[in-house]
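Here is a chain to get to know from its sequence and its model. Look it over, then follow the questions below.

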Amino acid sequence: TYHFLKNIKIYDLSKKRIEQYNLYFRLLNPIRNLFLYDFPASNDDCPFGFILKTDDREDIRKYLAQRRIYVSSLWEIPKNLKGEIKESDINKFKDIILLPIGSQFDSKQIKKVSETVLKYFSK
């Protein structure tokens, strides 16, 4: 296992994700009240995206998609489970979006996403 992890450079991937997460954390400070976590990523983390919690999730997804920025919605409840989960719990999941990070992105792209998100919330 060690050789496998060493060969795929998992630590390098984690380091880049942490840097990107923390770049979002700094750049999106004006909308800090929408952050799911109120602290930056540390060396013990390996984030897969930057999470915002907003009542405007669907509107901001459309706004960003029109600008060719595609975000994920977290924790969408499958239709077959909606009857088994309380409506109040389902509502908690409706306002989460995940801004992209990963080795395929550079800091310039993270800045562009951040600027576009801030522009949306400034309107």
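**Strands, core and rings**

Q: How many bridges join strand 1 (residues 49-53) to strand 3?
A: This is a predicted model. In it, strand 1 and strand 3 run antiparallel. One of the residues involved is G49, whose bridge partner in strand 3 is P100. The number of bridges joining strand 1 to strand 3 is five.

Q: Which residue of strand 3 stands opposite S73?
A: Strand 2 (residues 72-73) also runs antiparallel to strand 3, with two bridges joining them. S72 has L98 as its bridge partner in strand 3. Opposite S73 stands I97.

Q: What is the order of the strands in the open sheet?
A: The sheet has three strands, with antiparallel pairing. Strand 1 and strand 2 stand at the edges with a single partner strand each, so one side of each has no neighbour in the sheet. The order is 1-3-2.

Q: How many residues of strand 3 (residues 96-100) are buried?
A: Take the two faces in turn. On one side, I96, L98 and P100 are buried. On the other side, I97 and L99 are buried. Strand 3 is mostly covered, and its buried residues number five of five.

Q: At about what angle to strand 3 does helix 3 run?
A: Helix 3 covers residues 57-66. Helix 3 lies across strand 2 and strand 3. The angle between helix 3 and strand 3 is about 25°.

Q: Which helix gives the most residues to the largest nonpolar core?
A: The core has 24 residues, and Y24, L28, F50, L52, L99 and V117 touch the most other members. Helix 2 (10-27), strand 1, helix 3, strand 3 and helix 5 (107-122) each supply at least two residues of this core. With five residues, the one that gives the most is helix 2.

Q: Which residue of the core touches I31, L34, F35, D95, I96, I97, L99 and V117?
A: Residues up to four places away in sequence are not counted here. The residue sought is among those that touch the most other members of the largest nonpolar core. The name is L52.

Q: How far apart are the ring centres of F35 and F50?
A: F35 and F50 are both buried. By the ring rule, the count comes to seven aromatic pairs. The planes of F35 and F50 stand at 90°, so this pair is edge-to-face. Their centres are 4.9 Å apart.

Q: How many residues apart in sequence are the parts that the F35 and F50 pair ties together?
A: F35 lies in the loop between helix 2 and strand 1, while F50 lies in strand 1. Both belong to one aromatic cluster, along with Y21, Y24 and F25. The parts tied together by the pair are apart in sequence by 15 residues.

Q: Is F121 buried or partly exposed?
A: Its ring partner Y120 is buried, with a relative accessible area of 5%. Buried means under 20% relative accessible area. F121 has a relative accessible area of 23%, so F121 is partly exposed.

Q: Where is Q20 placed?
A: Q20 is buried, at a relative accessible area of 5%. Leaving aside neighbours within four places in sequence, Q20 is in contact with I101, G102, F105, D106 and I110. The place of Q20 is in helix 2.

Q: Which residue has a positive phi of about 60° although it is not a glycine?
A: The residue lies in the loop between helix 3 and strand 2. At 71% relative accessibility, the residue counts as exposed. The name is R68.

Q: Which element of the chain has the lowest mean pLDDT?
A: The chain averages a pLDDT of 82, and 73% of the residues score at least 70. Helix 5 has the highest mean, 96. Where pLDDT is low, the predicted coordinates should not be read in detail. The lowest mean, 53, belongs to helix 1 (residues 2-8).

Q: What pattern does the chain follow along the sequence?
A: The secondary structure comes to five helices and three strands. Of the 123 residues, 36% count as buried. Read along the sequence, the pattern is α-α-β-α-β-α-β-α.

Terms used: Residues numbered from 1 in each chain as written. Predicted model: local features only at pLDDT ≥ 70, side-chain atom pairs only at ≥ 80, totals over all residues. Heavy atoms only, no water. Buried < 20%, exposed > 50% of the residue type's maximum accessible area, 1.4 Å probe, protein only. Helix = DSSP H or I, 4+ residues; strand = E, 2+ residues; numbered from the N terminus. Pairing = 2+ DSSP bridges. Core = buried A, V, L, I, M, F, W, Y, C linked by side-chain atoms within 4.5 Å. Contact = heavy atoms within 4.5 Å. Axes fitted to C-alpha atoms, helices over the stretch in contact; angles between N-to-C directions. pLDDT = per-residue confidence, 0-100. Phe/Tyr/Trp six-rings, centres within 6.5 Å; stacked < 30°, edge-to-face > 60°.
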